[in-house]
Amino acid sequence: MASEIARAVEVLRAGGLVGLPTETVYGLGADASNDLAVRRIFAVKGRPSSHPLIVHVANVERARDWALGGLPEAGERLARAFWPGPLTLIVKRSARASDAVTGGQDTVGLRVPAHPLALELLEAFSGGVAAPSANRFGKVSPTTAAHVKSELGDDVDLILDGGPSRVGVESTIIDVTGDPARLLRPGGVSREAIESVLGKPLVIATHATDVRAPGMLESHYAPRAGLWLVSAEEVFAEAERRREAGARVVVIAPAEMPLPEGVTRLTVPSDDAGFARVLYAHLREADALGDLILAVPPPESGLGLAVRDRLQRAAARRP
Ligand code: TXA
Ligand code: MG
């Protein structure tokens, strides 16, 4: 793997794109200091250039270089508690962060990912790596190297295979430019864990206001098949009704939930972290197995908040 890392560093230095494993989802990485390389990310994803990218770095010292005057106190505390890990901090940007990366905003998103290969790459590269999730804009995020390959094909110069992502949903995004801190996107670190470190409640951003976060668009993370969210009480009757109407029905639900004959079940573990881990792979598989997906969202606690958020966006009406 050492030589793979060396090749990936060369690709980054040459302005190329690397598919890189992280503990949340796979990223599409480029040298964050190379505007041409960063623009290629937007072109490959089909993402509007006004939507900013997260800069990934090897450790908190490097993160401080990208922030104006270092990290604010709440940022330092959260970094100490959760980095390396599934947390992105939004801070005032230093001169190092270009308009290409930040979409012209005066803030930048920073994260130290926990995957050993990502850390090795960031350590060897030594600069910042701008990386969105390695999917086309609006589509389901990849949690394996094979997903990246099938989604982006030859548009990515090299894919590092680090196995299936351990967390399965994207990082939690916290804006620490003001007080109190704001939750912009629920993710791999629970709201409860963050509030316990900060010792006070987060403000929950419900829609894009002064920040541009595509994760906040209504329709996102969407499979091709139609997706409907149903409660545990409704799922049996709803699955039966849809099947009788002629649909090839796939249900994303725990093993113990009774389902009618003739529908396909994709089983989710009954704990929130387990659900998060399999969520995106199941949405992809459901696309291959049927034309109508029913999902039973988990309770809101822990990673359940992020899973519910992604399911709601995947189910939202497409533009
Ligand atoms: O777990 C993750 O965060 C993954 C892995 C690859 O690290 N990355 C990821 O990137 O989910 P992406 O681009 O798919 O989502 C990043 C989100 C977007 O909604 C973006 O708008 C928001 O972060 N974001 C980035 N910089 C921002 C900023 N300065 N202010 C507000 N939102 C920002
Ligand atoms: Mg994404």
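This is a short exchange about how two domains meet in a predicted model and about one pocket.

User: What makes Glu151 and Arg284 a salt bridge?

Analyst: The rule asks for a side-chain nitrogen of Lys or Arg within 4 Å of a carboxyl oxygen of Asp or Glu. For Glu151 and Arg284 the N to O distance is 3.2 Å, so the pair meets the rule. Across the interface of domain 1 and domain 2 the rule finds 2 salt bridges.

User: Which residues make up domain 1 and domain 2?

Analyst: Domain 1 is 2-204 and domain 2 is 226-315; the bounds come from an automatic or database domain assignment.

User: How do you know how much area domain 1 and domain 2 bury?

Analyst: Buried area is the accessible area (1.4 Å probe) that two parts lose on being put together, summed over both. Here that is about 1400 Å², 59% of it on carbon and sulfur atoms. In domain 1, Val140, Val169 and Pro186 lose the most area to domain 2, together 35% of what that side buries.

User: Why are 5 residues lining the second largest pocket called charged?

Analyst: Asp, Glu, Lys and Arg count as charged. The lining includes Lys139, Glu151, Arg224, Arg284 and Asp287, so these fall in that class. The lining also has 3 nonpolar and no polar residues.

Residues are numbered from 1 along each chain as its sequence is written, and chains are lettered from A. Local features need pLDDT of at least 70, side-chain atom pairs count only at pLDDT 80 or more, and side-chain values use heavy atoms.

Terms used:
On a 1 Å grid over the protein atoms alone, a cavity is a set of points where a 1.4 Å probe fits but cannot get out, and a pocket is an open set with protein on both sides within 12 Å along at least five of seven lines; lining residues have an atom within 4 Å of a point.
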